[in-house]
Structures are given as C-alpha cells and as structure tokens.
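The following note comments on one model, point by point. Please read it beside the sequence and the coordinates.

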Amino acid sequence: MKIPFRQQPLVLLIEDSMHDFAAIQRAFRKVGFEGHVEHCQKGETALDYLEQAKAEKETKNSSLPCFILLDLNLPGIDGIQVLQSIKTDNTLKQIPIIVFTTSQNPQDIKICYQSGVNSYVTKPMDLAAFNHAIATISEYWLKTVYLP
C-alpha cells in the first residue's frame, strides 16, 4: 500500500544504540517503508537537525519529519528533554513523537504524556514482537492517520 500523504516520508529516529537502529531499519524495510530514516544518536544532534530542518522548510520548501521515533535513554540531553524542547517550539510541536524505549517506569510514561508525547511504546526484547511494534507504528502513523 502506498503512503497517501507524501511520496517519500521522512522519519527522524533518535536512538543511541546502533543495534536498535539497525533493527528498526530492517523492520521498516520489512513493512515496505519507502521513505527515509534520518538517524541521530544524541539529543543535542537531533535538536540541531530539527533547527536546520525548520530553517530549510522556510527557505527551501523542504519538509519536516512526518514523525519522530524517540528513545529516552540518550547520552547528554535525554529523551524527555528532547521531547519537551520539541513540544515547546511553535513550528516543531506539530510533529508527532512516539517514544520507543525500554523504560516501563510509570514516572517516565507520566512525564512523557504530560510533555505532549503522542504515543509511548516499550521496545520488546523478542525480535518478532519488536518487528510487530514497528509494523504497527508504521501502519498507524504512515498509513492510517492524516498528518500536517
């Protein structure tokens, strides 16, 4: 099924683990994702990337990510700080953010939703369940809902 809202969707993945990055890439390919995954390993890098993307959107008519897949456990600026920074920016706050993390801490979940996260998904340890989680995220955020 073709993605209805854009020809080449862009997903921003903020994930410090190269192993998880590779697994997410494979899972996206398995479901036929035809877009591009931009990868940032640190919160600081992701925020810099988004600032640059925001500037290019205004000057070059390029697009922002259709959604952000965010790990909480990042070196330096952590995922919660990244989430809060994005959701307080008037241009970036429209981008849906899906936290995809190993944390099942109720306090993390509460803070993320209070900060404006759109979904909170824990990373399954089982490969089949991991792939299913990415397939579900892809189906919902790329094929089911309308995004700005």
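1. The chain turns to a positive phi, near 80°, at Gly-32, which follows helix H1. The comments below concern a predicted model, and the end of this helix is a convenient place to begin.

2. Helix H1 comprises 13 residues, 18-30. At 1.5 Å a residue the expected span is 18 Å, and the end C-alpha atoms are 18 Å apart, so the expected and computed values agree. At the N-terminal end, Ser-17 acts as a cap, with a side-chain oxygen 3.3 Å from the backbone nitrogen of His-19.

3. Which residues of H1 are buried? They are Asp-20, Phe-21, Ala-23, Ile-24, Ala-27 and Phe-28. Viewed down the axis of H1, the buried residues fall within an arc of 165°, and therefore they line one face of the helix. An α-helix has 3.6 residues a turn, so residues three or four places apart point the same way.

4. On the face of H1 turned away from the buried side are the exposed residues His-19, Arg-29 and Lys-30. The cover over the buried residues of H1 includes strands S1 (10-14), S2 (36-40), S3 (67-70) and S4 (97-101), together with helix H5 (127-144).

5. The structure contains three aromatic pairs. One of them joins Phe-28 and Phe-33 in a tilted arrangement, with 4.9 Å centre to centre and 35° between the planes. The pair counts as tilted because its angle is neither under 30 degrees nor over 60. Phe-28 has a relative accessible area of 1% and is buried; Phe-33, at 12%, is buried as well.

6. Lys-93 lies in the loop between helix H3 (79-87) and strand S4. Is Lys-93 buried, exposed or partly exposed? Its relative accessible area is 42%, so Lys-93 is partly exposed. Leaving aside residues up to four places away in sequence, Lys-93 touches Ile-86 and Lys-87. From Lys-93 to Asp-20 the separation is 73 residues in sequence and 25 Å in space, C-alpha to C-alpha.

7. A remark on confidence is in order. The average pLDDT of the protein is 92, and 94% of the residues score at least 70. Residues 1-6, however, have a pLDDT below 50, and this stretch has 15 contacts in the model beyond near neighbours in sequence. Where pLDDT is low, the predicted coordinates should not be read in detail.

Conventions. Residues numbered from 1 in each chain as written. Heavy atoms only, no water. Phe/Tyr/Trp six-rings, centres within 6.5 Å; stacked < 30°, edge-to-face > 60°. Buried < 20%, exposed > 50% of the residue type's maximum accessible area, 1.4 Å probe, protein only. Helix = DSSP H or I, 4+ residues; strand = E, 2+ residues; numbered from the N terminus. Expected span 1.5 Å × (residues − 1). Arc of directions from axis to C-beta. Contact = heavy atoms within 4.5 Å. Polar contact = N/O pair within 3.5 Å; in protein donor to acceptor, adjacent residues only side chain to side chain. pLDDT = per-residue confidence, 0-100.
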